[in-house]
Number of protein chains: 4
Amino acid sequence: MGLRSGAEYIESLKKRKPNIYCLGKKVDNVLEHPVLKSTIATVARTFDLAKNPKYEDLLTVESPLLGGERVNRFLQPFFTVDHLVKRQHQIRFLQRQLGSCALRCTGLGMVNSLWETTYQIDEAKGTHYLDRLKDWLKYIQRYDIYETGCMMDVKGHRGLRPSKQPDPDMYLHIVERRPNGIVVRGAKASQSGPAISNETAVIPSAYGHDEADGPYAVAFAVPTDEKGITYIMQHNTGDALAYTGDDRDLGNPRYGGGFGSTSLMIFDDVFIPNERVFMAGEWEFSAAIVRTMGLMARMWQCGCRPALMELLTGAAAFAAQANGVANAAHIRSKLNDMTIHSQTAWGLALSAAYQGKSSPSGSGIVLPDSLTINVGKYRSVEGYWECCKLANDIAGGLATTVPSFKDYDNPETHGWMEKYLQANPDVPTEHRMRIMRLIQ
Amino acid sequence: MGLRSGAEYIESLKKRKPNIYCLGKKVDNVLEHPVLKSTIATVARTFDLAKNPKYEDLLTVESPLLGGERVNRFLQPFFTVDHLVKRQHQIRFLQRQLGSCALRCTGLGMVNSLWETTYQIDEAKGTHYLDRLKDWLKYIQRYDIYETGCMMDVKGHRGLRPSKQPDPDMYLHIVERRPNGIVVRGAKASQSGPAISNETAVIPSAYGHDEADGPYAVAFAVPTDEKGITYIMQHNTGDALAYTGDDRDLGNPRYGGGFGSTSLMIFDDVFIPNERVFMAGEWEFSAAIVRTMGLMARMWQCGCRPALMELLTGAAAFAAQANGVANAAHIRSKLNDMTIHSQTAWGLALSAAYQGKSSPSGSGIVLPDSLTINVGKYRSVEGYWECCKLANDIAGGLATTVPSFKDYDNPETHGWMEKYLQANPDVPTEHRMRIMRLIQ
Amino acid sequence: MGLRSGAEYIESLKKRKPNIYCLGKKVDNVLEHPVLKSTIATVARTFDLAKNPKYEDLLTVESPLLGGERVNRFLQPFFTVDHLVKRQHQIRFLQRQLGSCALRCTGLGMVNSLWETTYQIDEAKGTHYLDRLKDWLKYIQRYDIYETGCMMDVKGHRGLRPSKQPDPDMYLHIVERRPNGIVVRGAKASQSGPAISNETAVIPSAYGHDEADGPYAVAFAVPTDEKGITYIMQHNTGDALAYTGDDRDLGNPRYGGGFGSTSLMIFDDVFIPNERVFMAGEWEFSAAIVRTMGLMARMWQCGCRPALMELLTGAAAFAAQANGVANAAHIRSKLNDMTIHSQTAWGLALSAAYQGKSSPSGSGIVLPDSLTINVGKYRSVEGYWECCKLANDIAGGLATTVPSFKDYDNPETHGWMEKYLQANPDVPTEHRMRIMRLIQ
Amino acid sequence: MGLRSGAEYIESLKKRKPNIYCLGKKVDNVLEHPVLKSTIATVARTFDLAKNPKYEDLLTVESPLLGGERVNRFLQPFFTVDHLVKRQHQIRFLQRQLGSCALRCTGLGMVNSLWETTYQIDEAKGTHYLDRLKDWLKYIQRYDIYETGCMMDVKGHRGLRPSKQPDPDMYLHIVERRPNGIVVRGAKASQSGPAISNETAVIPSAYGHDEADGPYAVAFAVPTDEKGITYIMQHNTGDALAYTGDDRDLGNPRYGGGFGSTSLMIFDDVFIPNERVFMAGEWEFSAAIVRTMGLMARMWQCGCRPALMELLTGAAAFAAQANGVANAAHIRSKLNDMTIHSQTAWGLALSAAYQGKSSPSGSGIVLPDSLTINVGKYRSVEGYWECCKLANDIAGGLATTVPSFKDYDNPETHGWMEKYLQANPDVPTEHRMRIMRLIQ
Ligand SMILES: Cc1cc2nc3c(=O)[nH]c(=O)nc-3n(C[C@H](O)[C@H](O)[C@H](O)COP(=O)(O)OP(=O)(O)OC[C@H]3O[C@@H](n4cnc5c(N)ncnc54)[C@H](O)[C@@H]3O)c2cc1C
Ligand SMILES: Cc1cc2nc3c(=O)[nH]c(=O)nc-3n(C[C@H](O)[C@H](O)[C@H](O)COP(=O)(O)OP(=O)(O)OC[C@H]3O[C@@H](n4cnc5c(N)ncnc54)[C@H](O)[C@@H]3O)c2cc1C
Ligand SMILES: Cc1cc2nc3c(=O)[nH]c(=O)nc-3n(C[C@H](O)[C@H](O)[C@H](O)COP(=O)(O)OP(=O)(O)OC[C@H]3O[C@@H](n4cnc5c(N)ncnc54)[C@H](O)[C@@H]3O)c2cc1C
Ligand SMILES: Cc1cc2nc3c(=O)[nH]c(=O)nc-3n(C[C@H](O)[C@H](O)[C@H](O)COP(=O)(O)OP(=O)(O)OC[C@H]3O[C@@H](n4cnc5c(N)ncnc54)[C@H](O)[C@@H]3O)c2cc1C
């Protein structure tokens with residue numbers, strides 16, 4: 001089939017009929033929704049970039065499942081250290097190109113976690129989950145499917161485990177077993193992507209302790225508009241701007257999806273056919289899949305946040321130039337600190353990848369070094385907040401108080417803004433405004 | 001006349017005709033503008049609280065200018081160390097009550113800076129600016145005027161001083177001297193409050209170096225709807241939410257004005273009568289007034305941010321309880337760190353006040369210790385970012401991804417949200433959602 | 001009697017016969033002991049400075065117990081906020097003058113803690129401990145006694161309380177009650193000063209929980225060479241230098257006592273007459289005295305470490321000048337950071353003092369604000385380590401690797417050192433070497 | 001010849017006659033000098049470990065110069081990425097085994113810097129320095145020589161470059177050119193090792209700017225007891241302990257050399273024969289060699305400090321157990337922080353190695369990624385100070401105030417110390433004392 005273009009991905013969304021709510025209303029057309037449309041544009045771009053021969057080595061990879069055909073790197077489990085290292089370069093590259101979350105990392109995390117765990121279950125129990133998984137992987141690779149990963153349950157009282165919650169639905173679980181499949185109920189929180197993706201893989205988010213947790217040990221894949229699934233979209237300050245301002249007010253108008261598409265995802269007795277079920281009751285293996293998916297999440301954060309910090313560093317450097325203070329010693333020292341933060345996290349991201357090891361040996365899967373990735377994730381969070389603080393410091397108050405581009409376009413106020421928001425005459429006012437938006 | 005009520009303040013706004021633009025349109029009625037209306041509610045509340053006998057000692061003070069009549073503490077220069085100490089308690093109290101910037105500190109900064117500097121000019125030059133200032137102070141005290149302070153110019157190229165800018169208007173300056181007053185031109189950046197206040201005092205934001213900087217050494221008071229003044233409002237992510245969400249989505253719906261009301265304020269040849277002019281060409285004194293106003297700004301940041309951090313600490317503690325993890329050791333240790341941050345800044349805020357000294361002696365004005373206030377301001381910024389990070393850590397992902405209250409009210413989705421956004425059953429879902437909003 | 005001179009204090013030591021061990025030998029003459037002699041010189045200087053009329057207001061205070069006679073500030077409980085504030089200035093001043101711990105703060109902590117607690121016990125139990133304490137205070141004030149404070153027990157297993165330790169002696173306790181007094185046994189750890197002081201006051205270091213802890217609730221005063229007391233001196237790297245190097249190698253040769261005089265202090269069945277016993281079994285009050293003494297300790301750390309940091313800042317600034325790099329931007333920025341650290345701690349030290357309150361009201365004692373002092377102590381420790389790091393950064397490798405002054409005096413090597421350890425020709429080589437020693 | 005044993009290395013020292021001064025006296029026998037003897041023991045151990053077949057792969061490497069014979073890894077330039085990665089493992093391993101600086105890294109830095117730069121000079125100028133270097137390398141590899149690296153000059157006024165110093169000798173330079181060699185004069189500061197090594201390589205420490213800096217662009221190898229060389233040893237607090245305490249007081253008695261052996265190294269007109277001269281006047285290449293040697297230094301710091309932090313973490317964990325508080329939440333959280341610090345630095349150390357690249361291509365030399373190594377070095381310094389602070393926090397006051405083992409051995413005080421310095425009864429008092437020493 002070959003790699004899909006962004007346009008083909010968008011086309012595929014038109015056929016879906018997901019049940020989405022936002023701001024108190026049902027969303028009929030995701031393609032025209034103020035927030036979702038830019039998220040969709042971001043994902044579309046990841047498809048287009050992967051088709052670009054210049055990035056073939058970085059963004060695609062040979063799949064042994066398809067006899068060596070090149071597939072999108074997001075759809076391929078890690079079989080070698082080189083896969084891990086290239087993976088880190090891939091995500092840094094995409095974050096830099098898109099200036100935004102690429103929205104596809106959860107899917108890649110899933111294919112690795114599921115492979116490792118199905119292998120382990122099969123070894124221990126004589127089941128054949130890995131074969132089912134391979135079939136599904138061939139399907140998503142062959143049709144270049146945009147698949148996401150759902151792990152995090154709403155979780156209810158954090159001090160209680162799934163089977164001890166007052167409401168048994170706080171973690172997704174099997175409510176019925178039929179000959180040809182299972183029926184699941186529950187809700188996944190803060191899910192990035194499924195509302196605009198084609199398929200999603202679902203795994204538990206809590207360790208199993210005993211048989212009582214059996215129904216909660218459930219993993220499967222499902223089309224994202226399956227009957228019984230409802231999405232209630234997040235709405236935060238960042239999203240709000242998409243409704244009120246001009247496109248340029250978004251900082252990164254074309255692909256600024258950011259994290260702006262998470263939703264509360266409800267499974268109201270959804271049927272999953274056996275061939276898409278990868279775990280159904282094996283509570284002894286929940287811990288392993290939760291741990292590996294956690295590792296995957298830390299791996300991508302550690303790989304993409306450095307790029308976000310680099311972006312902020314570049315933006316701050318540009319803002320300093322726009323303000324006319326690029327050479328001040330304290331500005332240079334702050335930019336230097338920002339570089340220390342991004343390079344600490346990035347150095348650790350690569351280090352964990354280079355230290356990759358088979359896990360478990362025999363499975364074929366290679367995972368990054370876990371201690372290094374944990375430290376890297378910690379540093380990437382710490383560094384990110386520091387970079388935000390420093391970028392705001394460098395940019396000055398305008399990053400907070402810049403008026404909308406709608407005022408810039410209004411003839412009554414355009415002149416004032418053009419004149420008075422100019423600083424360094426070498427930098428056009430509009431550019432200065434845009435960089436301030438980006439830092440905001 | 002006595003102290004005004006919030007309602008009286010709001011009434012006074014109806015008579016004003018300021019020239020305000022926002023999101024590409026003229027704002028006809030500030031009272032109904034989604035962002036300004038909550039800012040106005042905040043200010044109104046500062047009037048009502050001052051009338052409350054319970055807070056008389058904290059929020060009002062005897063004015064020697066009005067023969068001992070009690071006036072709002074915001075309108076009274078610092079004459080004693082007790083004024084400084086009570087001032088810090090006042091701002092901490094208001095930040096706690098309002099959960100928001102009180103929007104009136106710039107005005108208080110002005111009355112001190114102007115008093116000190118006009119005293120110095122009069123001593124050196126035999127002018128009578130302090131008498132004019134006293135007249136204006138009596139006026140604002142007697143009528144309990146909401147007055148703000150405008151200092152920060154748009155500044156153009158930061159490496160060049162006012163008289164060397166390519167565009168001479170980048171700093172506000174005198175363009176014409178008439179027998180009965182002066183005419184000024186320029187723009188003030190990021191101004192909090194004047195668009196919804198009664199009067200504003202204006203001072204320079206750059207040191208004077210020689211005669212060429214004379215026209216830029218200008219200070220005065222002016223009604224905020226004076227002919228020639230135009231406001232272009234900021235528009236950022238926080239403001240945007242006021243348009244799209246439900247009131248409860250604002251975190252602090254009643255008085256959440258926050259910093260949401262700054263505007264770019266343009267002076268297009270505005271006439272100021274002599275009796276309101278407090279400096280007009282004495283460039284040798286710009287440095288002093290800039291320095292003292294800076295000191296005032298650091299003083300209030302150091303006084304109000306600790307309260308903001310306390311608010312975040314309380315919110316995070318509540319969120320932890322709502323999540324059911326209030327007793328976890330790492331949560332308690334994070335809350336402890338948040339307390340260290342707020343109390344460091346607050347301890348320094350008080351320390352600087354207690355160490356207050358006459359400045360210059362003879363002027364009557366008492367200023368806080370400058371080294372301590374600088375350190376305090378530094379700590380309050382550092383601590384504020386740390387507290388934001390920690391509060392987000394504690395609250396979890398929902399602080400970012402909570403859906404709108406409009407979805408909560410929508411009967412189609414209300415049930416799902418009620419059920420699935422519940423955590424600790426002792427805390428109602430709606431309360432959990434609201435605290436997440438506040439932390440956001 | 002009046003204030004003693006340093007010489008009089010030293011004279012008084014000649015009459016004492018304490019039982020001290022160091023480096024495997026008994027110490028016969030404290031005055032000639034390489035480590036103790038410099039500690040003694042430091043203490044002597046605190047006596048001399050207090051006699052200097054220039055510092056009368058700072059270092060002495062009117063004692064109501066002696067009808068208003070001026071006594072050393074170290075011997076006087078806090079009765080007013082002014083006592084607290086002056087106290088902080090006193091300790092900062094001494095640390096600056098001596099470049100070393102003044103070694104007398106524990107004594108001052110004791111007079112406050114004991115006053116507060118004896119007052120509380122007397123109120124609750126009808127005892128007369130406060131009267132005894134007043135008698136002792138009059139004695140030490142009248143004869144200007146150097147008295148120290150012993151609190152910290154060796155403590156054994158930190159997870160067990162006194163009465164539950166495998167060895168009952170891990171906390172000092174009453175082993176016998178006689179009609180005219182009590183007999184105590186145990187050991188106090190890391191005691192600064194008693195080996196070279198005249199008297200010491202002793203209090204518990206653990207909260208009492210029930211009757212079983214009764215014998216551990218014991219407080220008293222005792223001459224420091226009382227029969228049954230043995231001292232085993234610490235020996236660490238700093239002390240070692242006193243044996244090997246030249247005086248100038250000590251960094252601060254004249255009064256560099258630093259912390260170099262702590263000892264493990266053993267009470268081998270020591271008899272205490274009733275008139276010096278201030279608590280004997282009232283386990284309900286151990287917690288209070290432990291808490292208040294802890295507050296006192298944090299108060300002095302918060303007052304003296306800023307001065308230590310200022311000293312390091314000055315030394316680092318001098319080293320930078322000696323190296324010829326005083327104007328480098330990164331050096332200035334590091335010195336600036338050091339100032340932020342010292343002034344944060346110092347601002348909080350003063351703040352806690354200014355916020356002082358009666359505790360409990362009626363007792364006459366005024367204590368600093370506890371939250372502020374805790375935060376101040378935390379900041380002073382954090383800042384101190386940062387300042388050490390920064391000072392080493394600024395000084396360069398020589399701070400670690402400078403040869404001894406013995407080599408500087410050796411004619412065979414003097415010439416090389418004079419020539420090659422010269423940097424900025426405006427600063428003599430010897431001065432550069434000395435400042436490097438100080439920073440070390 | 002094969003690898004030397006520690007004993008053979010020590011034997012070789014007996015034949016040397018270096019000119020060393022310490023504490024004002026000439027050192028006649030390095031083997032019996034209190035400080036040098038433990039440093040020598042450390043180095044001897046590096047020889048013995050390398051002969052251990054268990055560590056062959058880690059500590060030795062095939063030398064292409066000797067036709068594939070295995071030589072000590074310290075003597076072999078980096079030709080592959082694997083050399084870089086193993087190098088980091090080597091230094092971490094040694095630091096862990098020795099609990100101390102291995103004292104041989106400067107030598108390894110030299111062989112890389114010299115190879116790279118002589119290659120570049122030969123390419124540009126047609127000289128044959130690299131051939132000379134290879135001859136010398138064969139010599140040190142064949143005889144398994146302990147060679148060190150001298151770079152840092154005393155430098156005089158830091159603001160002036162070599163040829164502009166008031167005293168021309170502040171940087172080592174050529175004072176005479178003879179047909180068969182050169183004569184050099186100057187002094188190297190803070191040199192670790194040469195006083196107890198066999199050979200040393202010397203390079204400049206300042207960039208050359210023009211012909212005037214020519215004489216300062218000089219590199220060579222020289223036996224460390226060559227005529228004209230004098231050493232004046234450092235003397236600091238750590239060294240002092242070697243004179244006064246018992247061996248066990250040193251924390252790490254057997255191989256605790258630490259940094260305790262630096263000396264000021266004077267070159268008083270030393271003659272160097274041509275075959276050992278690797279640079280003599282090519283000022284355009286000083287910058288390159290300084291930069292690469294700096295990179296080497298950062299590389300080893302980044303590799304060994306993590307091990308030092310791990311050591312501190314282990315020691316602190318043991319101290320917590322000895323104190324009976326190993327399970328306290330705040331202790332565990334501090335140990336966790338220490339691990340974050342060591343693993344950040346170690347992760348970056350490896351990352352820089354894995355990212356190694358030919359430099360310049362053609363030279364055969366592979367260097368670690370420079371940005372990553374810089375960030376790693378920064379983190380290792382930052383982390384090291386934090387770990388010191390945290391280890392002291394965890395260990396408690398005894399780490400500072402523990403008496404000497406001489407008192408522990410003294411029968412008069414042994415009983416008291418045995419009894420009262422016991423804490424957790426499961427840990428012998430002597431072990432608790434020793435771990436406190438180590439942390440000190
Ligand atoms: C929410 C908000 C409310 C505000 N309310 C008011 C108000 O009510 N009244 C009022 O007067 N102002 C107000 N301000 C403006 C505020 O005073 C300024 O934002 C602040 O002083 C910084 O100025 P700036 O934004 O122009 O930053 P800039 O001056 O552009 O500073 C950006 C960076 O450049 C550096 N820099 C600037 N100049 C130089 C130089 N010459 N050399 C080296 N480095 C330099 C700065 O250190 C900083 O790191 C408000 C600002 C905000 C964000
Ligand atoms: C923008 C965004 C996008 C996301 N996208 C996805 C996605 O695509 N797929 C997906 O599966 N998930 C996604 N998530 C969810 C994410 O995985 C979770 O937010 C994260 O794992 C934390 O879980 P939580 O939000 O429930 O926090 P909580 O679990 O409520 O944690 C809050 C605090 O409580 C503490 N805590 C929690 N439980 C305990 C306990 N038992 N004992 C002690 N302390 C405890 C935590 O340490 C934390 O400090 C996303 C989140 C965000 C913010
Ligand atoms: C224990 C130890 C062992 C050592 N072992 C060796 C060894 O084996 N071989 C060896 O060659 N060296 C060795 N060194 C020396 C080491 O390389 C130097 O200490 C280090 O490079 C710093 O140089 P410095 O001590 O002269 O500091 P300085 O150069 O004096 O630096 C002090 C401060 O001044 C600043 N500064 C210096 N110059 C300038 C300038 N021009 N402009 C602005 N700021 C400036 C620095 O940034 C720093 O903050 C050792 C050092 C130590 C501490
Ligand atoms: C230079 C110096 C001078 C001194 N001078 C005096 C003096 O003059 N007079 C005096 O009375 N004292 C003095 N001290 C002792 C000082 O008060 C103690 O060192 C300090 O209170 C800490 O006690 P510790 O050393 O026993 O540490 P520990 O109590 O052993 O503490 C070590 C670690 O264990 C933790 N810990 C301890 N107990 C528990 C527990 N139950 N649960 C959980 N965690 C725990 C602590 O938080 C700490 O992190 C001095 C100390 C020093 C270093």
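# Shared ligand sites and chain interfaces

Good morning. I shall begin with one contact: the side chain of His330(B) places an N or O atom 3.1 Å from a nitrogen atom of ligand 2. The model under discussion is a predicted one, and I shall use this contact as the entry to the site of ligand 2.

On the chain A side, a side-chain N or O atom of Gln191(A) lies 2.9 Å from a nitrogen atom of ligand 2. The backbone takes part as well, since a polar backbone atom of Met151(A) is 2.9 Å from an oxygen atom of ligand 2. By itself, ligand 2 exposes 970 Å², and 69% of that is buried by the protein.

Which residues come nearest to ligand 2? Of the 23 residues around this ligand, they are Met152(A), Lys155(A), Arg158(A), Ser192(A) and Gly397(B). The site is shared between chains, because residues from chains A and B surround ligand 2. In terms of secondary structure, chain A supplies at least two shell residues from each of strand E5 (147-150) and strand E7 (181-192), and chain B does so from each of helix H9 (329-354) and helix H10 (370-395). By class, 9 residues of the shell around ligand 2 are nonpolar, 11 are polar and 3 are charged.

I turn to ligand 1. Residues from chains A and B surround this ligand too, so its site is likewise shared between chains. The nearest of its 23 surrounding residues are Gly397(A), Met152(B), Lys155(B), Arg158(B) and Ser192(B). Here the helices that each give at least two residues to the shell, H9 (329-354) and H10 (370-395), belong to chain A, while the strands, E5 (147-150) and E7 (181-192), belong to chain B. The class composition of the shell around ligand 1 is 9 nonpolar, 11 polar and 3 charged residues.

Several backbone contacts can be named for ligand 1. A backbone N or O atom of Asp393(A) lies 2.8 Å from an oxygen atom of the ligand. From chain B, a backbone N or O atom of Met152(B) is 2.8 Å from an oxygen atom of ligand 1, and a polar backbone atom of Met151(B) is 2.9 Å from an oxygen atom of ligand 1. Ligand 1 taken alone exposes 960 Å², of which the protein buries 69%.

How are chains A and B related to one another? Chain B can be laid on chain A by a turn of 180 degrees with a shift of 0.0 Å along the axis, giving an RMSD of 0.1 Å. The two copies are therefore related as by a two-fold rotation axis. The same surface serves both copies, for 100% of the contact residues of chain B recur in chain A.

As to the extent of this interface, 67 residues of chain B are in contact with 67 residues of chain A. The area buried between these chains is about 5400 Å², and carbon and sulfur atoms give 65% of it. Within chain B, the residues that lose the most area to chain A are Trp385(B), Trp416(B) and Tyr420(B), which together make up 13% of what that side buries.

Next comes the interface between chains B and C. Chain C can be laid on chain B with an RMSD of 0.1 Å, again by a turn of 180 degrees and a shift of 0.0 Å along the axis. Among the residues of chain C, Ser351(C) comes closest to the rotation axis, with its C-alpha at 2.2 Å. Here too the same surface serves both copies, and 100% of the contact residues of chain C recur in chain B.

In this interface, 17 residues of chain C are in contact with 17 residues of chain B. About 1500 Å² is buried between the two chains, with 68% given by carbon and sulfur atoms. In chain C, Ile340(C), Tyr354(C) and Arg379(C) lose the most area to chain B, together 31% of what that side buries.

I close with ligand 3, which lies between chains C and D. Of the 23 residues around it, Gly397(C), Met152(D), Lys155(D), Arg158(D) and Ser192(D) come nearest. Two side chains of that group make polar contacts to oxygen atoms of the ligand: an N or O atom of Lys155(D) at 2.7 Å, and a polar atom of Arg158(D) at 2.8 Å. The protein covers 70% of the 950 Å² of accessible area that ligand 3 has on its own. Thank you.

Technical notes
Residues are numbered from 1 along each chain as its sequence is written. Chains are lettered from A and ligands numbered from 1 in the order in which they are written. This is a predicted model: local features need pLDDT of at least 70, side-chain atom pairs count only at pLDDT 80 or more; totals for chains, interfaces and linings use all residues. Side-chain values use heavy atoms; hydrogens and water are left out. Copies are superposed by least squares on the C-alpha atoms of residues with pLDDT of at least 70 in both. Contact means heavy atoms within 4.5 Å. A residue is near a molecule or strand if one of its heavy atoms lies within 4 Å of it. A polar contact is a pair of N or O atoms within 3.5 Å; within protein, one must be able to donate a hydrogen and the other to accept it, and residues adjacent in sequence count only if both atoms are side-chain atoms. Accessible areas come from the Shrake-Rupley method with a 1.4 Å probe; for residues, only the protein chains shown count as cover. Helices (H or I, at least four residues) and strands (E, at least two) are DSSP runs, numbered from the N terminus. Ala, Val, Leu, Ile, Met, Phe, Trp, Tyr, Cys and Pro count as nonpolar, Asp, Glu, Lys and Arg as charged, and the others, Gly among them, as polar. Buried area is the accessible area (1.4 Å probe) that two parts lose on being put together, summed over both.
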